[in-house]
Structure formats: C-alpha cells, structure tokens
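The following exercises are to be worked with the sequence and the coordinates at hand. Each task is followed by a solution that proceeds step by step.

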Amino acid sequence: MAAFGTVFMPKMALATYENHAWTPSSMVASDALTLHPGAHVLHYSSTCFEGLKAFKHEDGSVKIFRMDANIQRMAQSTELLFLPDIDKDQLSQMIKDVVALYANDVPSAPGSMYIRPTHIGTEPSIGKAAVSSETSLLYVLLSPVGDYFAGGVKPLRLLLEENGARCASHMGMIKSGGNYASALGPIARARKENNADQVLFCPNGDVQETGAANFILIDGNEIITKALDASFLHGITRDSILTIARDMGMTVTERNFSVDELIERAQKPGTEAALSGTAAVLTPVGTLIHDGEEITVGSGEAGETTLKLRQALNDIQWGRAEDKFGWLTQV
Ligand SMILES: Cc1ncc(COP(=O)(O)O)c(C=O)c1O
C-alpha cells in the first residue's frame, strides 16, 4: 500500500485572495500550482494548514469529522500569521464540495479520506521579511488513506527532550510548516541515535507534545494532559478524547506536569500513555527514553483504556455509535 499522504485526488478546491477580496472558489488540477519564485511563503514561511478526515458509513453516506473545529483552528493560525483572513463559510463549502466530488473514492473503514486545507502567502516580494503577504492562496487537497494500524498497534518509543523545544513558544498553537521544520532535526537524531519513533518535547521539564501529536497519560480512571496554552497545538483529537472520557465518567485533569512526575507515574503498573492526533487517532506509548535509560510505561503494551477510548472515537467517526456531540457533517 502507498505511504500515508502520497496519493492525491486529481482535483482540489482553490480560492485566491487578491485586491482585498477572496475570489469564488473553483476546482483545479491538484498536481501543480503556479507560484512566483519570490512568493512570500517560499521565503518567510507564511503558511498554515489543517488535517481532518471524511469517513464512509455503512449506509454509503460520507461524513466529515469536526470540520468546524478545524476551520476555526485554521482561522486562528491565519490570524496569528497575519495572512489575509479566511472566509470560514467559503472554506466550509470548499471542503464539502471537494469531498462530495470524490465521495465514491472515500475508502471504507478502516480507511478514510484525509483532507488538507492549506493557506499560503503568495505576494512576490522578497523584501517583506518583516511584513505580511497581501495576497494568498487557499486550497483543499484530498488524500485517501488506508489503515494506519495495518499490522496491529505497536506501542511507540518516545525520546524525552528537555533541552530543546519543538518550536518557538509563541508559535506552538499555530499549525504552520515552520514548526514542523523546526522539529525535524531533533526527531531525525532521536530516530538515528535512540531508535525512537518520536520525540516528546518537554522544554525545561514541562511535558508538552510530540512532533505531530498530543500526549496523554492515563492513570486508572484519570486522564492527565497538559493544559492549553500558546506553546503547543490544541489538538482536535485531544479535545474529542477528553470529551468522550468525561462522558464515560473518567476524571479529566488538564494541568502542567513535569518529566519527573511522568517518569514516576509511568513506572506504576496500570499506567498508560498515548499520542492523540488525526493520523494517530490514539496510539499507545510503550517506552520512554530519558538520559539514555529506557522506562517501560505500565506493562509496555497497548493499554485497555487507550484501546477503549480509541474504539469509542472510531465508532462515532464511522457511524457505529450515536453522534451525541454533533461532530459529523453530512457531505
Ligand atoms: C504538532 C501537533 N500536535 C498535535 C496534533 C494533533 O492535532 P489533531 O488532533 O487536531 O490532529 C497534530 C496534528 O495531528 C500536530 O501536528
């Protein structure tokens, strides 16, 4: 099977912002863009994006999961990057239109259609290092994805990184390419030197998030995860899992916690840890690597509560459980 994110639907929805207004959106070929080599995004990284999914239900209908929350986060990223404001209704229509166009191509469970709205600054000006782009381009690309967990759920190995940060602390809540570029080096080193799957960034001992997912700790009936602040991405899966957990009667504690506390709790039998994200859903963490030492989380295997929460989320996404929080949008 092709690697995640490498297959694209042939058309995408696209709109441009020029002369202080958005053009009507249109469907265009998704294999090329015309950009001036001096475009703002190529030099000063004026870019943000989203990642969400559409699911095929057993009755053949297609539903988009938490579209409004993703559009809201894109509007926020756009604003924090001083890109031209997006028109949320227009983006919602663009997403619905392109998913409807390819409704027949949405893979059945356990696959889904990954949706990638992208907003980039296009003004041809290499003199605007400290000034925002006055023109921009917004497009919605689709990529059918298979089962992320084909071959079973293998608990991840995370390197705890206390000295570096994923990105600059005021950028964390922006879903922008530069943040991923900033984390590439530390993650590549952790893979090579520690055989780690990912890095859990813990600047100055504060347990934050990994390169592409949020981190949660499960201790009996309690879920503990970092409280929202500007330093990390406010995951929509994180919010969904916490909502489901509360609904199941679990105690949800959003607070900061340290590497020391994490290591102490991880060693208790029954403790579970997991990563949450649109691609990862909820992936168990089996090992933490800290100062050259390997710490097994709980039993080191996928935890029972992790699997139960993941199943509950998947059941809503695929229409096997009631959409009691109103998270699905009909295409
Ligand atoms: C850095 C980072 N943190 C957290 C997440 C999780 O966000 P979401 O649950 O909205 O996909 C992502 C994206 O998946 C991410 O890239």
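A residue counts as buried if 20 or more other C-beta atoms lie within 10 Å of its own, as exposed if 12 or fewer do, and as partly exposed in between. The model examined here is predicted.

**Exercise 1. Determine whether Thr-16 is buried, exposed or partly exposed, and describe its surroundings.**

Step 1. Locate the residue: Thr-16 belongs to strand E1, which covers residues 11-18.

Step 2. Count the neighbours: Thr-16 has 18 C-beta neighbours inside 10 Å. The limits are 20 or more for buried and 12 or fewer for exposed, so Thr-16 counts as partly exposed.

Step 3. List the contacts: when neighbours within four places in sequence are set aside, Thr-16 is in contact with Thr-23 and Leu-137.

Step 4. Consider a remote part of the chain: Thr-135 is 119 residues away from Thr-16 in sequence, yet 7.5 Å separate their C-alpha atoms.

**Exercise 2. Classify Arg-66 and Asn-195 as buried or exposed, and state the sign of phi in each.**

Step 1. Place Arg-66: it lies in the loop that runs between strand E6 (62-65) and helix H2 (67-80).

Step 2. Read its backbone angle: Arg-66 is not a glycine, but its phi is positive, at about 50°.

Step 3. Apply the count: Arg-66 has 23 other C-beta atoms within 10 Å and is therefore buried.

Step 4. Repeat for Asn-195: this residue sits in the loop between helix H4 (177-194) and strand E10 (198-201). Its phi is also positive, near 50°, in a residue other than glycine. With 11 other C-beta atoms within 10 Å, Asn-195 is exposed.

**Exercise 3. Identify the peptide bond between Ala-109 and Pro-110 as cis or trans, and place Pro-110 in the fold.**

Step 1. Inspect omega: the bond from Ala-109 to Pro-110 has omega near 10° and is cis.

Step 2. Find the element: Pro-110 is in the loop between helix H3 (88-101) and strand E7 (112-121).

**Exercise 4. Trace how E13 pairs with E12 and with E14.**

Step 1. Begin with E12 (residues 214-219) and E13 (residues 222-225): these strands run antiparallel and are joined by three bridges. Ile-218 stands opposite Ile-223 in E13.

Step 2. Examine the connection: E12 and E13 form a hairpin with two residues between them, and Gly-220 in the turn has a positive phi of about 65°.

Step 3. Turn to E14 (residues 251-254): its pairing with E13 is parallel and extends over four bridges. Here Glu-222 is opposite Thr-251 in E14.

**Exercise 5. Describe the shell of residues around the ligand.**

Step 1. Count the residues: 14 surround the ligand, and the closest are Gly-235, Ile-236, Thr-237, Gly-277 and Thr-278.

Step 2. Assign the elements: helix H5 (236-247) and strand E15 (271-277) each supply at least two residues of this shell. The largest share, three residues, comes from H5.

Step 3. Sort by class: the shell around the ligand holds five nonpolar, seven polar and two charged residues.

**Exercise 6. State which domains the protein chain contains, and characterise the contact of domain 1 with domain 2.**

Step 1. Set the bounds: domain 1 spans 11-145 and domain 2 spans 156-317. Their centres, taken over C-alpha atoms, are 27 Å apart.

Step 2. Count the participants: domain 1 brings 17 residues to the contact and domain 2 brings 10 residues.

Step 3. Resolve the side of domain 1 that touches domain 2: strand E4 (47-49), strand E5 (52-56) and H2 each supply at least two residues. H2 gives the most, with five residues.

Step 4. Sort this side by class: eight residues are nonpolar, five are polar and four are charged.

**Exercise 7. Give an account of the protein chain as a whole: how many helices and strands does it have, and what is its radius of gyration?**

Step 1. Count the elements: the protein chain has seven helices and 18 strands.

Step 2. Compare with the globule rule: the radius of gyration is 20 Å and the rule gives 20 Å for 331 residues, so the protein chain is as compact as a globular protein of that length.

Step 3. Add the extents: along the principal axes, the C-alpha atoms fill a box of roughly 60 × 50 × 35 Å.

Step 4. Consider burial and contacts: 43% of the 331 residues are buried. Of the contacts between residues at least 6 apart in sequence, 71% join residues at least 24 apart.

Definitions and conventions: Residues are numbered from 1 along each chain as its sequence is written. This is a predicted model: local features need pLDDT of at least 70, side-chain atom pairs count only at pLDDT 80 or more; totals for chains, interfaces and linings use all residues. The radius of gyration is taken over C-alpha atoms; the globule rule is 2.2 Å times the number of residues to the power 0.38. Two residues are in contact if their C-beta atoms, placed from the backbone, lie within 7 Å. A residue is near a molecule or strand if its C-beta atom, placed from the backbone, lies within 6 Å of it. Ala, Val, Leu, Ile, Met, Phe, Trp, Tyr, Cys and Pro count as nonpolar, Asp, Glu, Lys and Arg as charged, and the others, Gly among them, as polar. Domain bounds come from an automatic or database domain assignment. Two strands pair if DSSP finds at least two bridges between them.
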